[in-house]
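Hi everyone, thanks for coming. Please have the sequence and the 3D view open while I talk, and let's walk through them together.

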Amino acid sequence: MTLQLAVLASGNGSNLQAILDRIASGALDAKVCLVLCNKPEARALDYPRAAGVAHVALSPADYPDREAFDAAMVAAIRAHGADAVALAGYMRLLTPGFLAAFAGRVVNIHPALLPSFPGLRGAADAQAYGVTLAGCTVHFVDEQMDHGSVIVQAAVPGNAGEPLDDLKARIHALEHRIYPQALQWLAEGRLCVEGRVVRVLPRSDGKAAPGVPDGPWLVWPPLEQGF
Ligand code: GRF
């Protein structure tokens, strides 16, 4: 069933653009009902403007506390008919009230292989630590930062001495593939959560989903065709 999606973004919005691109290609069965931004000047707002997608900037400074701000976001999301939420570079923790409003339907992307290197500088922290495999993670969101159940991860080699921007670019390129893929699994009702563990169920038509070959990276569970 078409995923009625709200995207929350604070930054550049390249993951938002990737989501819109996969919807346009037909691979992702979703509609971006609303883009919500907590920074009116964020570049992320350029994409919904250009694509004619509903968008709104809400400033936390206009609300007395986090609960009131998140309640305003819940109201805006519901008013636009969305019932699932994708965080795409959204740099604030969500309140219990927000998470309860969209229980089991809030996801995030993080530029590191969780549970290693949570926080604002995932890729930089991984490189500074000297890992030989860096990567990114799509996960369900809970009340702790970068903590909820893992849906899909992608690993890329972390080359010693590589400029950080190069590593970030390679991670970003995979973010743009695994995030729409995870959203498609959510749209298809194929994510089964048992405790912390998420399983991607087979397609309901029984057909094996054709996979996409890996390159100098590994994605698991594997990407399916169109991603
Ligand atoms: C990405 O690296 C994502 O993993 C993190 O924030 C960044 C957002 O990038 N949560 P963009 O705004 O989608 O380009």
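Let's begin with strand S1, residues 3-9, and strand S4, residues 84-87: these two pair in the parallel sense, over four bridges. If you want one spot to click on, try Val7, which stands opposite Ala86 in S4. Keep in mind throughout that this is a predicted model.

Now zoom out. Which strands make up the open sheet around this pair, and in what order? There are eight, and reading across you meet S3-S2-S1-S4-S5-S6-S7-S10, with mixed pairing. At the edges sit strand S3 (55-57) and strand S10 (218-220), each of which pairs on one side only. Ignoring direction, neighbouring strands in this sheet are turned by 15° against each other on average.

Next, look for a helix on those strands. Helix H3, residues 66-79, lies across S1, strand S2 (30-37) and S4, and its direction is at about 150° to S2.

Let's move on to the ligand. Which residues surround the ligand? From the early part of the chain we have Asn12, Gly13, Ser14 and Asn15; then come Gly89 and Met91, followed by Ile109, His110 and Pro111, and finally His172 and Glu175. Three of the polar contacts are nice to find on screen. A backbone N or O atom of Gly13 is 2.8 Å from an oxygen atom of the ligand. At Ile109, a polar backbone atom lies 2.8 Å from a ligand nitrogen. With Glu175 the side chain takes part: one of its N or O atoms is 3.0 Å from an oxygen atom of the ligand. And how much of the ligand does the protein cover? On its own the ligand has 360 Å² of accessible area, and 88% of that is covered by the protein.

Now for charged side chains. The whole structure holds eight salt bridges. One of them joins the side chains of Asp46 and Arg49, at 3.3 Å from N to O. Both residues belong to helix H2 (residues 46-51), and they are three residues apart, about one turn of the helix.

Here is a hairpin to practise on. Strand S8 (residues 191-194) and strand S9 (residues 197-200) run antiparallel and are joined by four bridges. Glu194 has Val197 in S9 as its bridge partner. Two residues lie between the strands of this hairpin, and there Gly195 takes a positive phi near 65°.

Let me finish with some backbone details. Where do we find cis peptide bonds? One runs from Leu114 to Pro115, with omega near 15°, and Pro115 is placed in the loop between strand S5 (106-110) and helix H5 (122-129). Another joins Trp220 and Pro221, with omega about -5°; Pro221 is in the segment after S10. Back in the loop between S5 and H5 you will also find Phe117. Its phi is near 55°, a positive value in a residue other than glycine.

That's my tour. Do go back and find the Val7 and Ala86 pairing on your own screen, then follow the strands outward to the edges at S3 and S10. Thanks for listening!

Definitions and conventions
Residues numbered from 1 in each chain as written. Predicted model: local features only at pLDDT ≥ 70, side-chain atom pairs only at ≥ 80, totals over all residues. Heavy atoms only, no water. Pairing = 2+ DSSP bridges. Axes fitted to C-alpha atoms, helices over the stretch in contact; angles between N-to-C directions. Contact = heavy atoms within 4.5 Å. Near = heavy atom within 4 Å. Polar contact = N/O pair within 3.5 Å; in protein donor to acceptor, adjacent residues only side chain to side chain. Areas by Shrake-Rupley, 256 points an atom, 1.4 Å probe, with all protein chains shown as cover. Salt bridge = Lys/Arg side-chain N within 4 Å of Asp/Glu carboxyl O.
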